[in-house]
Amino acid sequence: MKVPKRLQPLVDDGMIDEVIAQLMSGKEAQVYVVRCGDDLRCAKIFKEARQRSFKQAVQYQEGRKTRNSRRARAMSKKTRYGQQEQEQAWLNAEVDALYRLASAGVRVPQPCGFVNGVLLMELVSDGEGYAAPRLDDVTLSAEQARDYHGLVMADVVRMLCAGLVHGDLSEFNVLVDRHGPVIIDLPQAVDASGNNSAAMMLERDVDNMRAYFGRFAPELLKTEYGKEIWALYEAGELHPDSSLTGHFEHDATSVDVGNLMAVIDDVREEQAERMAPTWDELNGD
Ligand SMILES: Nc1ncnc2c1ncn2[C@@H]1O[C@H](COP(=O)(O)OP(=O)(O)OP(=O)(O)O)[C@@H](O)[C@H]1O
Ligand SMILES: [Mg+2]
């Protein structure tokens, strides 16, 4: 096919030998299948900031570390330089996340480079050289659904152990190749320890997966992996190979009123003692 303008510099540099086809254009980016030597790869071109949608919301950015303080100051201002830096940080987020997750053993496409706002990565394929289908495109048996659900939960755990929450995990952002699910689309990935919305987003991600796989294996609908995973994480007890049950003990202990009243009485007595005049005061010293 004709080389798209944004890919031309990569063709000129010899990083891409041929542009083969365009995959479905998403909300945030255009994705192409390209050939680099003997390998088929995927080229993801990010849209201009003003064409993008919700994912750049402040809620996702909180807690992201900017290594350079001059850059951090610039980003907080609305200058042109500040906006450019903000844009660059956003583009880098997916690349950083892919490298970090690939090395943490999460099944994501292997990143191959990032040039001029174009991310080159492994093409997740269906075994015949075509791009792999998304979860949303496939029908699963109950057994496959349970199996894939378990694999995705294990990846969510590894991801959290690597400090990240996907933030937009759904059947549209998970591909299926012959080994199972592969997680994609990470520019909005959230910093697990520095972002106040991380717990909510983790639970939302996990609940989306429960709803999807629950269509084929309804017993999954009763599970509470999201709450379980976050509770282990918060307690410092989550490990990349933690085994999960899908159950979560809600704190059902009712308030012990008798005990509470005794504590209040103690505090009141202490307060009264503190307020009471001392012996010296009573004797006018
Ligand atoms: N590495 C890959 N291998 C194969 N197909 C891919 C790969 N990366 C992306 N795709 C395909 O391109 C589509 C768009 O990619 P992606 O979800 O990363 O972009 P997006 O524009 O951010 O999407 P969204 O619509 O979710 O905002 C995916 O649904 C998938 O079908
Ligand atoms: Mg997507």
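**Figure 1. The shell around ligand 1 in the predicted model.** Ligand 1 is surrounded by 22 residues, and the closest of them are Gly26, Glu28, Pro109, Val124 and Asp185. At least two shell residues come from each of strand S2 (29-36), strand S3 (39-46) and strand S5 (118-122). By residue class, the shell around ligand 1 holds 14 nonpolar, 2 polar and 6 charged residues.

**Figure 2. Glu28 and Asp185, two of the closest residues to ligand 1.** Glu28 sits in the loop between strand S1 (18-22) and S2. Asp185 belongs to the loop between strand S8 (180-183) and strand S9 (190-191). Along the chain Glu28 and Asp185 are 157 residues apart, while their C-alpha atoms are separated by 9.5 Å. Are these residues buried or exposed? Glu28 has 21 other C-beta atoms within 10 Å and therefore counts as buried. Asp185 is also buried, because 25 other C-beta atoms lie within 10 Å. The backbone of Asp185 has a positive phi, near 65°, in a residue other than glycine.

**Figure 3. Lys47 and Glu28.** Lys47 is part of the loop between S3 and helix H2 (58-61). The C-alpha atoms of Lys47 and Glu28 are 5.8 Å apart in space, with their positions 19 residues apart in sequence. Lys47 has 15 C-beta neighbours inside 10 Å, so this residue is classed as partly exposed. Glu28, by contrast, is buried.

**Figure 4. Leu91 of helix H4 and the loop that holds Asn116.** Leu91 is found in helix H4 (residues 80-103). With 18 other C-beta atoms within 10 Å, Leu91 is partly exposed. Setting aside neighbours within four places in sequence, the contacts of Leu91 are Phe46 and Gly117. Asn116 lies in the loop between strand S4 (111-115) and S5. Leu91 and Asn116 are 25 residues apart along the chain, and 9.9 Å separates their C-alpha atoms. Why is Asn116 classed as exposed? Asn116 has 12 other C-beta atoms within 10 Å, and a residue with 12 or fewer is called exposed. Asn116 is not a glycine, yet its phi is positive, at about 50°.

**Figure 5. The crossing of helices H6 and H7.** Two packed helices are described by the angle between their axes and the distance between the axes. For helix H6 (residues 198-214) and helix H7 (residues 225-234), the axes come within 8 Å and cross at roughly 145°. The crossing of H6 past H7 is right-handed. On the H6 side the contact is made by Ala199, Leu202, Glu203, Val206 and Asp207, which meet Tyr225, Gly226, Lys227, Ile229 and Trp230 of H7. The residues of this contact comprise 6 nonpolar, 1 polar and 3 charged.

**Figure 6. The buried residues of H7.** In H7, Tyr225, Gly226, Glu228, Ile229, Trp230 and Tyr233 are buried. What do the buried residues of H7 pack against? Their partners are H5 and H6. Just after H7 comes Gly236, with a positive phi of about 75°.

**Figure 7. Leu160 and the largest nonpolar core.** In soluble globular proteins, nonpolar side chains tend to be buried together. The largest nonpolar core here has 59 residues, of which Leu160, Val165 and Ile229 touch the most other members. Helix H5 (residues 142-161) makes the greatest contribution to this core, with 8 residues. Beyond its neighbours within four places in sequence, Leu160 is in contact with Val165, Ala192, Leu202, Ile229, Tyr233 and Leu238. Among these partners, Leu202 also takes part in the contact of H6 with H7, and Ile229 and Tyr233 are among the buried residues of H7.

**Figure 8. The whole chain, for orientation.** The secondary structure of the protein consists of 9 helices and 9 strands. Of the 285 residues, 30% are buried. Among contacts with a separation of 6 or more, 57% join residues 24 or more positions apart.

Terms used. Residues are numbered from 1 along each chain as its sequence is written. Chains are lettered from A and ligands numbered from 1 in the order in which they are written. This is a predicted model: local features need pLDDT of at least 70, side-chain atom pairs count only at pLDDT 80 or more; totals for chains, interfaces and linings use all residues. A residue is near a molecule or strand if its C-beta atom, placed from the backbone, lies within 6 Å of it. Helices (H or I, at least four residues) and strands (E, at least two) are DSSP runs, numbered from the N terminus. Ala, Val, Leu, Ile, Met, Phe, Trp, Tyr, Cys and Pro count as nonpolar, Asp, Glu, Lys and Arg as charged, and the others, Gly among them, as polar. Axes are lines fitted to C-alpha atoms, for helices over the stretch in contact, and angles run from 0 to 180 degrees between N-to-C directions. A crossing is left-handed if the near helix is turned anticlockwise from the far one by less than a right angle, and right-handed if clockwise. Two residues are in contact if their C-beta atoms, placed from the backbone, lie within 7 Å. A residue is buried if 20 or more other C-beta atoms lie within 10 Å of its own, exposed if 12 or fewer, and partly exposed in between; C-beta atoms are placed from the backbone. A nonpolar core is a set of buried Ala, Val, Leu, Ile, Met, Phe, Trp, Tyr and Cys residues joined through C-beta atoms within 7 Å.
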